[in-house]
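The following paragraphs lead the reader through one protein model, beginning with a single helix and moving outward to the whole chain. Please keep the structure in view while reading.

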Amino acid sequence: MAGGKDGIDRGAFEGDELEGKCVVVIGGSMGIGRATAELVLRQGAKVVLTSRDQARAAKAAGELAAATGSNKIVPAAIEITRRAEVEAFLASHAKFDHLILPGAHAHRLDFAKLDEKLARESFDTKVWGPFLAAYDGRRHMNRGGSIVFYSGAASRRPLKGYVVGAAIDGAIDAATRALAWEMAAEGIRVNCISPGIIDTDVVRRGRTEEEYRKIRQSHAERVPLNRLGTAMECAQGALYLMICGFVTGEVLAIDGGAEASP
Ligand SMILES: NC(=O)c1ccc[n+]([C@@H]2O[C@H](COP(=O)([O-])OP(=O)(O)OC[C@H]3O[C@@H](n4cnc5c(N)ncnc54)[C@H](OP(=O)(O)O)[C@@H]3O)[C@@H](O)[C@H]2O)c1
């Protein structure tokens, strides 16, 4: 297994970097979190995977165990905004190595008729939930581990009708850079994935087939790669952030080239 006596990898690559490691994925029942759980299971890690619902977590865990042939998977139920529960859950899995935090949902909100309650809820679930999980979770992590947040391309390439989402994503990007300094002394790296439009349930949810087809097409046309991303492509980014020991404070865009768009 790569890594010095202090557990920190300084550049060797042996292909088994996650063997013997424990990866906690809050929000692993579907989408990007589920793909990440699958990829790290395939790399030999133990995975603790959560949903807000124990049955959904157990179902996802069973399917991933069947798909990967690994039985190193533990399902759990967590609502990211309930700090005390999240803290107790993280403590119960101490010490783990990587904390992956895609478990959130930001509402699509119309600015002209802003719903303050939903806007605040979106900040609670996507910013404060993961931020406090990282704050409390770091005490239960091994040196050499890392935290991965999820923001979104809206902070860099705003979309009409997604102003609250853009503000949320910007907050996460900024916190990632600052937390890299705060947690370096504890031997924990802090990074973030900033997805473009990824073809998960988030894009399909609440839309008719026709609306879904149209939105896929219009998003695809906005980026050089001319398609939506996949959850597994985001998982590949998270794997890189977990194993490359010299990356911290990074906001990794996985967006089909949105930055290059006019
Ligand atoms: N897909 C995209 O196009 C896109 C673009 C930009 C940013 N992102 C960001 O990437 C992250 C993952 O997105 P995704 O597309 O994979 O979403 P998804 O398919 O909706 O999956 C979200 C996961 O988070 C869990 N979750 C939702 N709300 C939660 C809460 N309050 N507490 C704890 N867990 C919760 C869900 O579990 P249960 O429902 O089973 O409880 C599920 O496992 C999110 O932060 C999202 O905002 C996605």
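Which residues of helix H3 (residues 83-92) are buried? In this predicted model, they are Val86, Phe89 and Leu90. These three cover an arc of only 95° around the axis, which puts them on the same side of H3. A general property of helices accounts for such a pattern: an α-helix has 3.6 residues a turn, so residues three or four places apart point the same way. The face of H3 turned away from this buried side carries the exposed residues Ala84, Ala88 and Ser92.

The next matter is what lies over the buried side. The cover of the buried residues of H3 includes strand E1 (22-25), strand E3 (73-77) and helix H4 (116-137). Two of these elements, E1 and E3, lead into the pairing of the strands.

Strand E1 is covered on both faces: Cys22 and Val24 are buried on one side, and Val23 and Val25 are buried on the other. In a regular strand, the side chains alternate between the two faces of the sheet. E1 runs parallel to strand E2 and is joined to it by 4 bridges, with Val23 having Val47 as its bridge partner in E2. E1 also runs parallel to strand E4 (residues 96-101), and 3 bridges join this pair; here Val25 stands opposite Ile100 in E4.

Strand E2 (residues 46-51) is in turn joined to E3 by 5 bridges, and these two strands likewise run parallel. Val47, the bridge partner of Val23, has Ile73 as its bridge partner in E3.

How are these parallel strands connected along the chain? E1, helix H1 (residues 31-42) and E2 make a right-handed β-α-β unit. E2, helix H2 (residues 54-68) and E3 make a right-handed β-α-β unit as well. Strand E2 thus belongs to both units.

The view may now be widened to the whole protein. Its secondary structure comes to 8 helices and 7 strands. The radius of gyration is 18 Å, close to the 18 Å that the globule rule gives for 262 residues, so the protein is as compact as a globular protein of that length. Along its principal axes, the C-alpha trace spans about 55 × 35 × 35 Å. Of the 262 residues, 42% count as buried. Among contacts with a separation of 6 or more, 72% are accounted for by residues 24 or more positions apart.

Definitions and conventions: Residues are numbered from 1 along each chain as its sequence is written. This is a predicted model: local features need pLDDT of at least 70, side-chain atom pairs count only at pLDDT 80 or more; totals for chains, interfaces and linings use all residues. The radius of gyration is taken over C-alpha atoms; the globule rule is 2.2 Å times the number of residues to the power 0.38. A residue is buried if 20 or more other C-beta atoms lie within 10 Å of its own, exposed if 12 or fewer, and partly exposed in between; C-beta atoms are placed from the backbone. Two residues are in contact if their C-beta atoms, placed from the backbone, lie within 7 Å. The arc is that of the directions from the helix axis to the C-beta atoms. Two strands pair if DSSP finds at least two bridges between them. A crossover is right-handed if, with the strands pointing away from the viewer, the path from the first strand over the helix to the second runs clockwise.
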